[in-house]
Amino acid sequence: LSGVSLSAQPPGGQVALGDRLVLSCVVAAGTGPVSFSWHREGSGTPLGTGSRLELSRVGDKDSGHYQCRASDRDSVAESPTLNVTVL
């Protein structure tokens with residue numbers, strides 16, 4: 001499993017209070033089915049599963065560092081963290 005990357009809409013992870021934020025996780029290479037989980041720094045429980053995480057109305061508490069974790073039959077890989085800022 002390699003090449004795990006994270007992208008955000010709006011780009012850069014800067015989102016206005018009450019707006020929608022969509023994070024997408026992409027894997028360049030892996031073997032077999034890939035599963036995803038989403039994590040925010042300091043939060044023990046995953047925020048969601050699947051290749052996309054959608055926050056429909058962001059609040060102040062949604063600021064922070066986000067990361068996706070991808071796993072397949074053989075390995076687990078994490079994306080770089082993305083700092084989400086609520087404006």
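In this predicted model, the chain carries 7 positive and 8 negative side chains. The centres of these two sets lie 5 Å apart. The surface that the chain exposes amounts to about 4900 Å², and 49% of that area comes from carbon and sulfur atoms. As for the interior, 34% of the 87 residues are buried.

The secondary structure can be followed along the sequence. There are nine strands and zero helices in the chain, which gives the pattern β-β-β-β-β-β-β-β-β. The radius of gyration is 13 Å, close to the 12 Å expected from the globule rule for 87 residues, so the chain is as compact as a globular protein of that length. Measured out along the principal axes, the C-alpha trace spans about 40 × 25 × 20 Å.

Contacts between distant parts of the sequence come next. Among contacts in the chain with a separation of 6 or more, 58% are between residues 24 or more positions apart.

One residue, Asn83, can be examined in detail. Asn83 belongs to strand S9, which covers residues 82-86. Its relative accessibility is 39%, and because buried means under 20% and exposed over 50%, Asn83 counts as partly exposed. Leaving aside residues up to four places away in sequence, Asn83 touches Gly12, Gly13, Gly64 and His65. Gln14 is 69 residues from Asn83 along the chain, yet the C-alpha atoms of Asn83 and Gln14 are separated by 8.4 Å.

Definitions and conventions: Residues are numbered from 1 along each chain as its sequence is written. This is a predicted model: local features need pLDDT of at least 70, side-chain atom pairs count only at pLDDT 80 or more; totals for chains, interfaces and linings use all residues. Side-chain values use heavy atoms; hydrogens and water are left out. Helices (H or I, at least four residues) and strands (E, at least two) are DSSP runs, numbered from the N terminus. Buried means under 20% relative accessible area, exposed over 50%, partly exposed in between (1.4 Å probe, protein chains only). Contact means heavy atoms within 4.5 Å. The radius of gyration is taken over C-alpha atoms; the globule rule is 2.2 Å times the number of residues to the power 0.38. Accessible areas come from the Shrake-Rupley method with a 1.4 Å probe; for residues, only the protein chains shown count as cover. Lys and Arg count as positive and Asp and Glu as negative; His and the chain ends are not counted. The place of a charge is taken as NZ of Lys, CZ of Arg, CG of Asp or CD of Glu.
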